[in-house]
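Please consider the sequence and the structure shown below. The paragraphs that follow lead through them step by step.

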Amino acid sequence: VVKSYEEIFPAIADQVASFRTYVEWRRGGAPPCGPRPSDVNPDEVRYWWLECRMRSGEAPGALLGDVTAEQARASETTPLLDGLAAELSLRQGRREEAFAGARRAFDAAREGSRRSTLLRVHLDVVAERYARAAEANGKPDGAREARAELARLDRERRAASR
């Protein structure tokens, strides 16, 4: 799909790198992060860059400052950044903070996914983070809720691919 997009819109082929990063990240890879996206890039491109840095093994403490700065200016990606911040907190052993942030991110992403394609395609990432934070805090109800959402998303994707 990315390749066909690039062929259809050759004038913006240089912007396709961020989409390739997204695809590689979602496939479980560790894509090269490249330089920091400029402030004129869409929020999701800056968010993907932060996810890429985490996936590449950057220390949570170092990355959290940039996530916090992005949270202060983001719009549609706020729930995604909240989920990323929660993941970084969990990796630093700050379980309660991680749980609170992951819960907030999950609620906002689930609600926002009704009107936002961007939040809808990332809801599984946020739900998985909420499940891990709930499990780490001994909150089985939260983990079950997140896993139920993941199962629902999986059923929808399977039905759509038929």
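A residue is called buried when its relative accessible area is under 20%. The structure examined here is a predicted model. With that cut-off in mind, which residues of α5 are buried? They are Pro-79, Leu-80, Leu-81, Asp-82, Gly-83, Leu-84, Ala-85, Ala-86, Glu-87, Leu-88 and Ser-89. Because 11 of the 14 residues of α5 are buried, this helix is largely enclosed by the rest of the structure. The surroundings can be named as well: the buried residues of α5 pack against α3, α4 (60–73), α6 and α7.

The length of α5 can also be checked. At 1.5 Å a residue, its 14 residues should span 20 Å, and the C-alpha atoms at its ends are indeed 20 Å apart, so expectation and model agree. After α5 comes Gly-93, which has a positive phi near 85 degrees.

One of the buried residues of α5 is Glu-87, and this residue leads to the charged pairs. Side chains of opposite charge can pair when their charged atoms come close. Glu-87 and Arg-132 form such a pair, a salt bridge in which N and O are 2.7 Å apart. The two partners belong to distant parts of the chain: Glu-87 is in helix α5 (residues 78–91) and Arg-132 is in helix α7 (residues 117–136), 45 residues apart. Glu-87 counts as buried because its relative accessibility is 5%. Arg-132, with a relative accessible area of 30%, is partly exposed.

How many salt bridges does the model contain? The count comes to 29. Some of them join into a network, whose members are Glu-51, Glu-87, Arg-91, Glu-128, Arg-129, Arg-132, Glu-135 and Arg-147.

Two further salt bridges may be set beside that of Glu-87. In the first example, Glu-149 and Arg-152 meet through their side chains, with N and O 2.4 Å apart. These residues stand 3 places apart in helix α8 (residues 140–160), so about one helical turn separates them. Glu-149 is buried, at 7% relative accessibility, whereas Arg-152, at 27%, is partly exposed. In the second example, Arg-115 is bridged to Glu-111, and their closest N and O atoms are 3.9 Å apart. Here Arg-115 is exposed, with a relative accessible area of 66%, while Glu-111 is partly exposed at 38%.

Glu-51, a member of the network, merits separate attention. It is located in helix α3 (residues 43–55). Is Glu-51 buried or exposed? Its relative accessible area is 0%, and therefore Glu-51 is buried. Setting aside residues up to four places away in sequence, Glu-51 touches Trp-25, Leu-84, Val-125 and Arg-129.

Helix α7 offers two more residues to follow. His-122 is found in this helix and is buried, its relative accessible area being 0%. The side chain of His-122 comes to 2.7 Å from the backbone oxygen of Leu-118. Beyond its neighbours within four places in sequence, His-122 is in contact with Tyr-22, Trp-25, Arg-26, Tyr-47, Trp-48 and Leu-80.

Leu-119 also lies in helix α7, and it counts as buried at 5% relative accessibility. If residues up to four places away in sequence are not counted, Leu-119 touches Glu-76, Pro-79, Leu-80, Ala-108, Ala-109, Gly-112 and Ser-113. The C-alpha atoms of Leu-119 and Glu-44 are 9.9 Å apart in space, although 75 residues separate the two in sequence.

The aromatic rings complete the picture. The model has 2 aromatic pairs. In the pair of Phe-106 and Tyr-130, the ring centres are 4.9 Å apart and the planes stand at 20 degrees, so the pair is stacked. Because Phe-106 lies in helix α6 (residues 95–112) and Tyr-130 in helix α7, their pairing ties together parts that are 24 residues apart in sequence. Phe-106 and Tyr-130 are both buried. Ring pairs also bring Phe-99 into a cluster with Phe-106 and Tyr-130.

A ring may also lie beneath a charged side chain, as Trp-49 shows: Arg-53 lies over the face of this ring, at 4.5 Å from the ring centre.

Technical notes: Residues numbered from 1 in each chain as written. Predicted model: local features only at pLDDT ≥ 70, side-chain atom pairs only at ≥ 80, totals over all residues. Heavy atoms only, no water. Salt bridge = Lys/Arg side-chain N within 4 Å of Asp/Glu carboxyl O. Helix = DSSP H or I, 4+ residues; strand = E, 2+ residues; numbered from the N terminus. Buried < 20%, exposed > 50% of the residue type's maximum accessible area, 1.4 Å probe, protein only. Phe/Tyr/Trp six-rings, centres within 6.5 Å; stacked < 30°, edge-to-face > 60°. Lys NZ or Arg CZ within 6 Å of the ring centre and 35° of its normal. Polar contact = N/O pair within 3.5 Å; in protein donor to acceptor, adjacent residues only side chain to side chain. Contact = heavy atoms within 4.5 Å. Expected span 1.5 Å × (residues − 1).
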